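Hi everyone, thanks for coming. Let's walk through a protein together, one piece at a time.

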Amino acid sequence: MAMPRSDFIKTLTDRGFINQMSDADGLDAACADGMVTGYIGFDCTAASLHVGSLVQILLLHWLQETGHRPIALMGGGTTKIGDPSGRDTTRQLLTDEKIAENKAGIFKVFERLLTFSDTGNGAIAADNAEWLDGLNYVPFLRDVGRHFSVNRMLTMDSVRLRLDREQPLTFLEFNYMVLQAYDFVELNRRYGCTLQMGGSDQWGNIVSGIDLGRRIVGAELYGLTSNLITTASGAKMGKTADGAVWLNADFTTPYDFWQFWRNTEDADVERFLKLFTKLPLDEVARLAALEGAEINEAKKILANEVTALIHGREAADQAASTAATTFEAGGLAEGLPTVDVARGDLDAGIGVLNAFVTAGLAASNSEARRAIKGGGARVNDERVEDDKRTLSAGDLKGDVIKLSLGRKKHALLRAV
């Protein structure tokens with residue numbers, strides 16, 4: 001496409017968000033000529049989204065920042081089926097109560113990054129259960145299902161992946177793309193929504209929605225996908241050896257969240273500063289030009305800015321202070337993950353292997369033992385030599401004992 005006219009498309013282009021657009025020039029013109037309403041759907045499969053969803057949330061954020069109206073669509077209806085995209089196996093079906101609980105947890109992050117209101121370009125919170133739960137199945141098949149070719153559906157990546165690997169694809173899941181396409185039509189009817197966005201794995205579903213909107217309501221609809229983010233080493237974004245990095249503090253603490261970004265690979269710093277922060281691009285370029293040990297300062301700024309977006313500036317500053325105390329000063333930082341233990345248990349003595357497992361630094365005694373034998377375990381910054389060592393009240397520094405596994409995993413045992 002030519003140089004973008006709209007602030008929205010220019011911002012996404014400059015920051016490296018865009019993978020595909022269904023009609024790049026048409027969407028750019030629509031965004032330049034007036035307010036566009038766009039949405040992304042999020043199924044409620046867990047009580048928090050993880051870092052892998054952050055690009056999509058920021059698409060909605062930038063849509064609003066550039067004068068347009070975002071819709072955060074909660075998949076209260078589609079979660080009852082499960083999106084087969086990118087999966088080898090069928091998702092576990094959730095109860096209505098669990099879906100509602102997950103929806104409430106997921107919505108917390110949107111309240112930080114979007115401004116919800118009934119006026120102007122205020123963000124809209126919607127739930128597709130509002131229309132999907134009330135569908136009459138036979139009329140729906142007649143009015144909507146007839147627009148879908150099974151031949152074409154079989155070519156979709158979400159279907160073909162299962163079939164190629166001879167994994168089962170239930171009839172329930174096969175309906176998912178029909179319902180997602182119908183969401184687009186319903187949002188167009190209710191809110192004048194003309195743009196659907198999502199990760200690149202959603203392209204087939206988005207195109208189906210565009211086609212269905214043209215057939216049923218004669219609407220000119222657009223689609224835009226972002227790149228699925230992997231690290232420079234090829235790892236899936238948001239996955240670590242300890243599991244997913246969640247956006248809710250109940251699942252991943254602000255300190256651990258900060259540490260995840262601080263540990264970004266050198267080759268990813270510029271790309272992640274563009275995608276995951278709101279820093280001006282000239283500042284991003286300055287930070288990306290740093291070399292050697294100085295690149296660590298850019299990583300700290302990345303960690304500060306992303307943590308501030310998700311958890312607030314105060315939590316980001318606390319995490320940075322904790323990290324400085326822990327790593328640079330070698331001290332005991334109160335902001336570290338903390339696990340309470342009974343003082344009586346310490347008086348009796350706690351085995352060091354059990355201590356590392358209790359603190360969540362090791363999954364098992366065997367893992368803790370291997371770390372000790374490899375020289376990677378420390379108590380109060382002193383290397384542990386004996387895996388039969390016992391921790392007692394004499395190890396307390398104030399009312400805590402600092403445990404470290406490797407250079408990056410730390411926790412406090414606090415006597416209560």
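Which are the buried residues of α1? They are F8, I9, T11, L12 and R15, where buried means under 20% relative accessible area, exposed means over 50%, and partly exposed lies in between, with a 1.4 Å probe and protein chains only. Looking down the axis of α1, these buried residues fall within an arc of 160°, so they line one face of the helix. The arc is taken from the directions that run from the helix axis to the C-beta atoms. Here is some background: an α-helix has 3.6 residues a turn, so residues three or four places apart point the same way. Just after α1, G16 takes a positive phi of about 80°.

A word on where this comes from. This is a predicted model, in which local features need pLDDT of at least 70 and side-chain atom pairs count only at pLDDT 80 or more, while totals for chains, interfaces and linings use all residues. Residues are numbered from 1 along each chain as its sequence is written, and side-chain values use heavy atoms, with hydrogens and water left out.

Now the overall picture. The protein has 19 helices and 15 strands; these are DSSP runs numbered from the N terminus, with helices being H or I of at least four residues and strands being E of at least two. Of the 416 residues, 49% are buried.

Next, the sheets. Six strands form an open sheet with mixed pairing, in the order β1-β6-β5-β2-β3-β4; two strands pair if DSSP finds at least two bridges between them. At the edges are β1 (18-21) and β4 (124-127), each pairing on one side only. From one strand to the next, the twist averages 25°. Inside this sheet, β2 (residues 37-43) and β3 (residues 69-75) run parallel and are joined by 7 bridges. One pair to look for is D43 with its bridge partner G75 in β3.

Let's return to α1 (residues 7-15): this helix lies across β1, β5 (195-199) and β6 (222-226), at about 135° to β1. Helix α2 (residues 24-33) also lies across β1, β5 and β6, running at about 100° to β6. For these angles, axes are lines fitted to C-alpha atoms, for helices over the stretch in contact, and angles run from 0 to 180 degrees between N-to-C directions.

There is a second sheet to find. This open sheet of 5 strands has mixed pairing and the order β9-β15-β14-β11-β12. Its edges are β9 (338-341) and β12 (382-383), each with a single partner strand, so one side of each is left without a neighbour in the sheet. Between β9 and β15 (residues 409-415), which run parallel, there are 4 bridges, and T338 stands opposite L412 in β15.

What about the inside? The largest nonpolar core has 66 residues, and F8, from our opening helix, is among those with the most contacts inside it, as is W261. A nonpolar core is a set of buried Ala, Val, Leu, Ile, Met, Phe, Trp, Tyr and Cys residues joined through side-chain atoms within 4.5 Å. Helix α3 (residues 54-65) gives the most to this core, with 8 residues. Leaving aside neighbours within four places in sequence, W261 is in contact (heavy atoms within 4.5 Å) with residues including V51, L54, F272 and F276. Apart from this core lies another, of 27 residues, among them L73 and C193.
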